[in-house]
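Dear colleague,

Please find below the structure that I am passing on to you. I would be grateful if you would read the notes after it with the coordinates open.

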Amino acid sequence: MTDQPVTARRLRDAWRAAHDPVAGVPRWARIAALAVPFTVLPAGLWRLPAAFDDGSGFGEWAYVVFLTVLSEALAFTTIGLVARWGEVVPRWVPFLRGRRVPPKAAIIPATLGAVVLTVLWTAAWVAEFAGVTLRGEPIPANFPTQAGGWKAATYYACYLPLLLWGPLLAAVTVAYARRRREAA
């Protein structure tokens, strides 16, 4: 029991060392990077109970859980664009530990992600407000927005933040690219 405060302090110190912004990161970029996982979290929190609610089979349940965890993990990687682990591979990564991350290895996927996310979520919301799915089919009657009331309001409150994911990622990527270019 006496080790717990020391262990907790070590974990907290290790977390800070890995995630505190590196020198030269603008304050706005740090805030934007930290905001990205929180733009994705509400959709996951809405999606998980919905997967267990309607008696879905194991395959659909596993897909929803996987999609939620993957989305949050990908959103979390944005923090790497402002933290040390986005410039130097952490010690715990086998074979690569301590090596510098080539700027293009972070900039290219982040840029592609920002473009895809911006286009995807913008198209999804334009389609939603037009009353059709991304495939152009009419929105099903059992879709949460069709129910109206609190169910629709909760859906919008949880999914509208996803519109920010792509633009926030793009802004943080530009800051990362500038900082790495100036450091080179």
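The notes below go from the chain as a whole to one helix pair and then to two individual residues.

Please bear in mind throughout that this is a predicted model.

Overall description

The chain contains seven helices and zero strands, so that its elements, read from the N terminus, follow the order α-α-α-α-α-α-α. Along the principal axes, the C-alpha atoms occupy a box of roughly 55 × 45 × 30 Å. The chain has 184 residues, of which 31% count as buried. Where contacts link residues at least 6 apart in sequence, 68% of them join residues at least 24 apart.

As to the surface, the chain exposes about 11,900 Å². Carbon and sulfur atoms account for 68% of that area. The charged side chains comprise 19 positive and 11 negative ones, and a distance of 14 Å separates the centres of the two sets.

The pairing of H2 and H6

Helix H2 spans residues 27-53 and helix H6 spans residues 149-159. Their axes lie 7 Å apart, and the two helices pack at an angle of about 140°. Angles over 145 degrees would count as roughly antiparallel; H2 and H6 are therefore oblique to each other. On the H2 side, the residues that meet H6 are Pro42, Ala43, Trp46 and Arg47. Their counterparts in H6 are Thr154, Tyr155, Cys158 and Tyr159.

Arg179 in H7

Helix H7 covers residues 162-183 and includes Arg179. Is this arginine, Arg179, buried or exposed? Its relative accessible area is 8%, and because buried means under 20%, Arg179 counts as buried. Leaving aside residues up to four places away in sequence, Arg179 touches Val22, Ala23, Gly24 and Val25. Arg179 also touches Leu81, Val82 and Glu87.

Leu120 in H4

Leu120 belongs to helix H4, which runs over residues 103-130. With a relative accessibility of 36%, Leu120 counts as partly exposed, because that class lies between the limits of 20% and 50%. Along the chain, Leu120 and Gly166 are 46 residues apart. In space, their C-alpha atoms are separated by 9.0 Å.

For inspection in the viewer, I would suggest beginning with the contact between H2 and H6, and then turning to Arg179 and the residues it touches.

With kind regards

Definitions and conventions:
Residues numbered from 1 in each chain as written. Predicted model: local features only at pLDDT ≥ 70, side-chain atom pairs only at ≥ 80, totals over all residues. Heavy atoms only, no water. Helix = DSSP H or I, 4+ residues; strand = E, 2+ residues; numbered from the N terminus. Buried < 20%, exposed > 50% of the residue type's maximum accessible area, 1.4 Å probe, protein only. Contact = heavy atoms within 4.5 Å. Areas by Shrake-Rupley, 256 points an atom, 1.4 Å probe, with all protein chains shown as cover. Lys, Arg positive; Asp, Glu negative; His and termini not counted. Charge placed at Lys NZ, Arg CZ, Asp CG, Glu CD. Axes fitted to C-alpha atoms, helices over the stretch in contact; angles between N-to-C directions. Parallel < 35°, antiparallel > 145°, perpendicular 65-115°, else oblique.
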